[in-house]
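Me: I'd like to learn how to read a few features off a protein model. Could you walk me through them one at a time?

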Amino acid sequence: MSADILYLSAVDIIAAAPSEDAARLSILKAFAAMQNGRATSPPKQMEELSAGLSFQSRMATWEEKGFAAIKWIGVVPVPPGSSQPGIHATIILNEYATGRPLAVMEGNILTGIRTAAMSAAAAQKLARRDAKTLGLIGCGLQARYHLKALKAVIPTLENVIAYRRSAQSAEALVAEARATGWNGTTVLTPEAAVRDCDVLVTTVPA
């Protein structure tokens, strides 16, 4: 590997992360580019080896921006309540014109930022302007990024209802939400999370 390739760890990605508004606007621009045929993102490739164990790849190109990228993902089963991540993502960025590799980046944090920005873009178009309660099914890394991204686009959100198979994980997320000004509660079933929310986000393995 070339010594001039940039290596970005999770700590580096967090330090360089865009604001929630900037991330959402970038997502909208990418969607528009794909709709107009100026960017591409073929279907994900996946090799499922056993229940909960798979390896996946997803690529994208954007000539106008000068980049192409591939995301390589390992998905492994983890027991409920485990602190170990079940998804491990790495992103390789290449220069479009030359194919030269430019950067290797930790992908979990970027995935959290990108997925939350996608949800926020959808909420901006579809959610009621006076929405107050966010329901979360799944309480991992992506849920945490959704709290910030959705609050940025719907400032009236103030309550979070959280469900996860592991009550401990749901309680930890609610505690973090309360520390940043949300009212939060955990529930015992997915139905309970859905029933009383204005905006619903599911962040669970396929």
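Reply: Sure, and keep in mind that this is a predicted model. Let's start with a charged pair: arginine 100 makes a salt bridge with glutamate 95, and their closest N and O atoms are 3.8 Å apart.

Me: What is the general idea behind a pair like that?

Reply: Side chains of opposite charge can pair when their charged atoms come close. Here the cut-off is 4 Å between the side-chain nitrogen and the carboxyl oxygen, and the 3.8 Å of arginine 100 and glutamate 95 is what you compare with it.

Me: Are arginine 100 and glutamate 95 buried or exposed?

Reply: Neither extreme. Arginine 100 is partly exposed, at 38% relative accessible area, and glutamate 95 is partly exposed too, at 26%.

Me: How many salt bridges does the structure hold?

Reply: Six. One of them joins arginine 24 to aspartate 21, with 3.0 Å between the closest N and O atoms. Both sit in helix α2 (residues 20-35), three residues apart, so about one helical turn separates them. Arginine 24 counts as buried because its relative accessibility is 7%, with under 20% as the cut-off. Aspartate 21, at 36%, is partly exposed.

Me: Which residues are linked in a network of salt bridges?

Reply: Arg128, Asp130 and Asp198. Within it, aspartate 130 bridges to arginine 128, the closest N and O atoms being 3.3 Å apart. Aspartate 130 is partly exposed, at 46% relative accessibility.

Me: On to rings. Which residues form an aromatic pair, and how is it arranged?

Reply: For rings, look at the centre distance and the angle between planes. This structure holds one aromatic pair: phenylalanine 55 and tryptophan 72 are stacked, 6.0 Å centre to centre with 15° between the planes. Phenylalanine 55 is in strand β4 (residues 53-62) and tryptophan 72 in strand β5 (residues 67-75), so the pair ties together parts 17 residues apart in sequence.

Me: Where does the charged end of lysine 65 sit?

Reply: Over the ring of tryptophan 62, 5.4 Å from its centre. Lysine 151 likewise lies over the face of tryptophan 182, at 5.4 Å from the ring centre.

Me: Last one: what does the radius of gyration say about the chain?

Reply: You set it against the value for a compact globule. For 206 residues that would be near 17 Å, and the protein chain has 18 Å, which agrees. The C-alpha trace spans about 50 × 40 × 30 Å along its principal axes, and the chain has six helices and eleven strands.

Notes. Residues are numbered from 1 along each chain as its sequence is written. This is a predicted model: local features need pLDDT of at least 70, side-chain atom pairs count only at pLDDT 80 or more; totals for chains, interfaces and linings use all residues. Side-chain values use heavy atoms; hydrogens and water are left out. Rings of Phe, Tyr and Trp (its six-membered ring) pair if their centres lie within 6.5 Å; planes under 30 degrees apart count as stacked, over 60 as edge-to-face and the rest as tilted. Helices (H or I, at least four residues) and strands (E, at least two) are DSSP runs, numbered from the N terminus. A charge sits over a ring if NZ of Lys or CZ of Arg is within 6 Å of the ring centre and within 35 degrees of the ring normal. The radius of gyration is taken over C-alpha atoms; the globule rule is 2.2 Å times the number of residues to the power 0.38. Buried means under 20% relative accessible area, exposed over 50%, partly exposed in between (1.4 Å probe, protein chains only).
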